[in-house]
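Colleague: I have the model open. Walk me through the main features, please.

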Number of protein chains: 2
Amino acid sequence: MSSQEVIPDYLMPATSGEQLLDNGQGIIDPDVYFNTNKPPADLDRFEQRLSAFVDYHRQQGTRVVLITSGGTTVPLENQTVRFIDNFSNGNRGATSAEYFIKAGYAVVFMHRQFSLEPFQRHYTHNPNRAFLDYMVTKEDGSVCVDPAYAKEMHVILSEYHRAKEQNMLLQLDFVTLSDYLFKLQSACHILARLGNKSMYYLAAAVSDFFIPSQKMAEHKIQSRDGALNLVLDQVPKFLKPLVSNWASQGLIVSFKLETDMSLLVPKARQALQRYGHQVVIGNMLKTRKQTVTMIMNATEKELSLTPEELNEGVEIESMIIPALVHIHDRWIASGHTDSP
Amino acid sequence: MSSQEVIPDYLMPATSGEQLLDNGQGIIDPDVYFNTNKPPADLDRFEQRLSAFVDYHRQQGTRVVLITSGGTTVPLENQTVRFIDNFSNGNRGATSAEYFIKAGYAVVFMHRQFSLEPFQRHYTHNPNRAFLDYMVTKEDGSVCVDPAYAKEMHVILSEYHRAKEQNMLLQLDFVTLSDYLFKLQSACHILARLGNKSMYYLAAAVSDFFIPSQKMAEHKIQSRDGALNLVLDQVPKFLKPLVSNWASQGLIVSFKLETDMSLLVPKARQALQRYGHQVVIGNMLKTRKQTVTMIMNATEKELSLTPEELNEGVEIESMIIPALVHIHDRWIASGHTDSP
């Protein structure tokens, strides 16, 4: 891991490691993070599967997009019963994956376990209709999908089978913030083999706060006088090393969700300046399924569905992904994202 | 709500309500809870559906069990993005529901949204096989279940359809701790119409800590110096008013999960004494699918699967539920749970 190579001595773990964990203000260096938290148990398997997928598509010359999707959890105890979660059902990521496959991209779908998944999303997380509610029994002992749903499912299932047969979809999951960060770093290192043919579409809603594992025992749930006192540190800003080291040749797309429209473009520009990546997709909480603004260094562009399109079930991702493919064309051709 | 009638004046909300929220030590009276937290928006609909179900079964003379299942979430912000969750996938509750239906009980399955559900549980929350992975397309445009899974699914689906047709299963959901507590109180009041023909099987893993909604604005996420400071209060012990007021005629079964075997029975006995209910089902974290101990006032009984049974997929709930039905028989006949 390259992070270990660049760590200055004074940040290396010592016997009394407490003062090294942060700057005394709860702000932790990304590099220090990986030295003071445990990698997930399945990281090797994750890397093997991803490596095989990426090498296959490198040979084919296929572009590959890494989509991150869903929320992350932050455990409060070492034997985790309680955790802080930040809600995201993974709708944006799961929907986008289908449109990327349609556009010819091989998709690495790195998602929070049990959040929405491409193709499956049409049938899961429905509070009114469960798995078995789609099925009817037949007298011959077989089980089929209710004809009311079969036509649409036939289309979606065919697309899903095609994606799987053509090896265009690799699904990898995570649960905790720590899983996510270790796997994101690994994924970037592996996708870097594809150079500028890789895209990073960072749609996951990642926790802002966490308890470092070395602090977990110490600051563990204090049940003083009945109340619970928790102190959480800020999650390091990982987009910075991601852009400058982990994935420096890829096209990097991040997301910004706001509730105040006047802040949307300024805050997106601030992120572009701070992290040096290429595209921020800005969306407002209430209208995120109808309108997004794609913000780049020199330009910005609003994509919107008409109310009629929205009613007909057209998805805004059907506009976002072709626009990004166009930007990726320019990125590969010239190393720039903006048209002259 | 009866809770409002018994609140002493000094606990009623005042203009400066802060000191009324707890005893200064983060411990809140259950009655005060309902006056200082908002009921869920769908409580009316919840009560209507449950009322119709209970009245139907009262006419039929069917016994009804209320099963609570899954975890609860504790929001950290009024516009909830972050929340504390306590993990439970709802396996015990969902499995038990099927065995209660087999035993002739009408089941109210009050579960955390998207946790495991009876019948559906055989097909969901599987990290290796998603919804569409069970399906095959046919040339005539229909979609059927892969023959490899059809035989078993035919049996489960038939049982599910029968339960639905005979109105033996009502599924109601909750998300937050507050939803759960308001709905539990309402459910007990409605099930009380059934007198001793009701059973309360409280398998949900309920959060121990929360932020009262009136404190939420005040103690809202403080991002001082980068770190996050949270103070949570203890959740009131609702089993006490549940046993003495809300559901005094029903058979009440609670659960205790331990990691130290020597504490299991003593802690269960302590709970029985403290709350005055009838049965505690004690289980150890590691063996909870193989062995449980049913603890009552005067007796205790261990139920266990042999390793062979466990291997063959026999479920411990196939022993727990008949044992509880037997206890419920005695409860209805004599008002006692223990055999003489």
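**Strands, core and salt bridges**

Modeller: Starting in the sheet, E8(A) and E11(A) run parallel and are joined by four bridges. Strands are DSSP runs of E with at least two residues, helices are runs of H or I with at least four, and both are numbered from the N terminus. Two strands count as paired if DSSP finds at least two bridges between them.

Colleague: What should I know about the numbering and the model itself?

Modeller: This is a predicted model, in which local features need pLDDT of at least 70 and side-chain atom pairs count only at pLDDT 80 or more, while totals for chains, interfaces and linings use all residues. Residues are numbered from 1 along each chain as its sequence is written, chains are lettered from A and ligands numbered from 1 in the order in which they are written, and side-chain values use heavy atoms, with hydrogens and water left out.

Colleague: Back to the sheet. What is the strand order in chain A?

Modeller: It is an open sheet of eight strands, in the order E7-E4-E1-E8-E11-E12-E13-E14, with mixed pairing. Strand E7 (169-174) and strand E14 (300-304) of chain A are at the edges with a single partner strand each, so one side of each has no neighbour in the sheet. From one strand to the next, the twist averages 20°.

Colleague: Which residues stand opposite each other in the parallel pairs?

Modeller: Between E8(A) and E11(A), Tyr201(A) has Val253(A) as its bridge partner. E11(A) also pairs with E12(A), in the parallel sense over six bridges, and there Lys256(A) stands opposite Gly282(A). Strand E1 (residues 64-69) of chain A pairs with E4(A), parallel over six bridges, with Val107(A) as the bridge partner of Val65(A).

Colleague: Which helices lie across those strands?

Modeller: Two examples. Helix H8 (residues 239-246) of chain A lies across strand E8 (198-202) and strand E11 (251-258), at about 165° to E11(A). Helix H9 (residues 261-275) of chain A lies across E11, strand E12 (279-284), strand E13 (291-295) and E14, at about 160° to E12(A). Axes are lines fitted to C-alpha atoms, for helices over the stretch in contact, and angles run from 0 to 180 degrees between N-to-C directions.

Colleague: Change of topic. How is chain B related to chain A?

Modeller: A turn of 180° with a shift of 0.0 Å along the axis lays chain B on chain A at an RMSD of 0.0 Å. That is the relation of a two-fold axis. The same surface serves both copies, since 100% of the contact residues of chain B recur in chain A. The superposition is by least squares on the C-alpha atoms of residues with pLDDT of at least 70 in both, and contact means heavy atoms within 4.5 Å.

Colleague: And the core? Which residues touch the most other members?

Modeller: The largest nonpolar core has 202 residues, and Met135, Tyr201 and Leu324 of chains A and B touch the most other members. Such a core is a set of buried Ala, Val, Leu, Ile, Met, Phe, Trp, Tyr and Cys residues joined through side-chain atoms within 4.5 Å. Buried means under 20% relative accessible area, exposed over 50%, and partly exposed in between (1.4 Å probe, protein chains only).

Colleague: What does Met135(A) touch?

Modeller: Beyond four places in sequence, its contacts include Val143(A) and Val145(A), and from chain B Phe131(B), Met135(B) and Leu157(B).

Colleague: How many salt bridges over all chains?

Modeller: The count is 20, a salt bridge being a side-chain nitrogen of Lys or Arg within 4 Å of a carboxyl oxygen of Asp or Glu. One of them joins Arg121(A) and Glu315(A), at 2.7 Å from N to O. Arg121(A) is in the loop between strands E4 and E5 and Glu315(A) in the loop between helices H10 and H11, so the pair ties together parts 194 residues apart in sequence.

Colleague: Is that pair buried or exposed?

Modeller: Arg121(A) is buried at 11% relative accessibility, whereas Glu315(A) is partly exposed at 22%.

Colleague: Any in chain B?

Modeller: Arg63(B) and Asp329(B) form one, with the closest N and O atoms 2.7 Å apart. They are 266 residues apart, Arg63(B) in the loop between helix H3 and strand E1 and Asp329(B) in helix H11. Another joins Arg112(B) and Asp85(B) at 3.0 Å, N to O. Here Arg112(B) is in strand E4 and Asp85(B) in strand E3, so the pair ties parts 27 residues apart in sequence. Arg112(B) is buried at 14%, and Asp85(B) is buried at 6%.
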